[in-house]
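Me: Please take a close look at a single part of this structure and explain how it is put together. I should like each technical term explained where it is used.

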Amino acid sequence: MTNVPHILIVDDHREIRTAVTRYLEINGMRATGVKDAEEMDALLVSSKVDLIVLDIMMPGEDGLSACRRLSREGQPPVLLLTALGEEDSRITGLESGADDYLAKPFNPRELLARIRAILRRTAGQEPPAGRFAGQRVRFAHWVLDCDRRALTGEDGRETGLTGAEFKLLVTLLERNRLVLSRDQLMELTAGRPATPTDRTIDNQISRLRRKIEKDPLRPRLITTVRNAGYCLAADIQAAGE
């Protein structure tokens, strides 16, 4: 039974918790349902969890806040459940470190497919920093501490990164000077293709530019290549060099 993935369902609606838990168990997974972030935290202390299905709208700490905190703490991957039409919440959730999202009402088969896709992607996954794990990387006027997920500028001031911003920056650093399309960036950072109306990558690029560019309106580090994608236009080296 050790290879059976344990899925934690966090939703304040008992009917949804019960239905999803039963469906996942029928399909060969171990599933546990809790009603809020407080119960989620307690279970994470006592049990190993492979993935968290997290509702955004909950009493107490909401799903976006909990997702942000889980990302900072290096907890299991998160699939967010959002209300239909909450586009801003979905984008914010992905920027906060969620691995994927699904709008309610949803087809249980689609939920299962997305859970399996995340589990495949994260099984034996290398650290989020990739080949830079444990290193401090210098690029342009910044030093990225990959263990702490923090940027230090020339003036010594430190800038924190969300989980999604960190994944995106590392992806660009690993492929500096290469042009990456939105689809490539979505696959590399989230493990899924972008839909035709998906602006997730554009929004993440915009937020990252506000943190690392001297003038975000005239970016020189993360450049836009028209009809092609984005490129990190900087050389990199170990911070000690």
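Reply:
**The parallel sheet**

Strand 1 (residues 6-10) and strand 2 (residues 30-34) run parallel and are joined by five bridges. The model is a predicted one, in which local features need pLDDT of at least 70 and side-chain atom pairs count only at pLDDT 80 or more, while totals for chains, interfaces and linings use all residues. Residues are numbered from 1 along each chain as its sequence is written, and side-chain values use heavy atoms, with hydrogens and water left out.

Strands (E, at least two residues) and helices (H or I, at least four) are DSSP runs numbered from the N terminus. Two strands are said to pair if DSSP finds at least two bridges between them. Within the first pair, valine 10 faces valine 34 of strand 2. Between strand 1 and strand 2 the chain passes through helix 1 (residues 14-26), and this β-α-β crossover is right-handed. That term means that, with the strands pointing away from the viewer, the path from the first strand over the helix to the second runs clockwise.

These strands belong to an open sheet of five, in the order 2-1-3-4-5, with parallel pairing. Strand 2 and strand 5 (100-104) are the edge strands, and each pairs on one side only. Neighbouring strands of the sheet are turned against each other by 20 degrees on average, direction ignored. Such angles run from 0 to 180 degrees between N-to-C directions, the axes being lines fitted to C-alpha atoms, for helices over the stretch in contact.

Strand 3 deserves particular attention. Four bridges connect strand 3 with strand 1, and the two run parallel; here isoleucine 7 stands opposite leucine 51. Strand 3 (residues 51-55) also pairs in the parallel sense with strand 4 (residues 78-83), again over four bridges. In this pairing isoleucine 52 is opposite valine 78, and aspartate 55 is opposite leucine 81. The route from strand 3 to strand 4 leads through helix 3 (residues 63-72), and this β-α-β crossover is right-handed.

Strand 3 is mostly covered, for five of its five residues are buried. Buried means under 20% relative accessible area, exposed means over 50%, and partly exposed lies in between (1.4 Å probe, protein chains only). Leu51, Val53 and Asp55 point one way from the strand, whereas Ile52 and Leu54 point the other way.

Two helices lie across several strands, in contact with them (heavy atoms within 4.5 Å). Helix 2 (residues 37-46) lies across strand 1, strand 2 and strand 3, and runs at about 160 degrees to strand 1. Helix 5 (residues 108-122) lies across strand 1, strand 3, strand 4 and strand 5, and runs at about 170 degrees to strand 5.

One loop residue beside the sheet may complete the picture. Serine 96 is located in the loop between helix 4 (87-95) and strand 5. Because its relative accessibility is 5%, serine 96 counts as buried. Leaving aside residues up to four places away in sequence, serine 96 touches Cys67, Arg68, Ser71 and Ala164. Among these, cysteine 67 is itself buried, with a relative accessible area of 1%. The C-alpha atom of serine 96 is separated by 9.5 Å from that of leucine 161, although the two residues are 65 residues apart along the chain.
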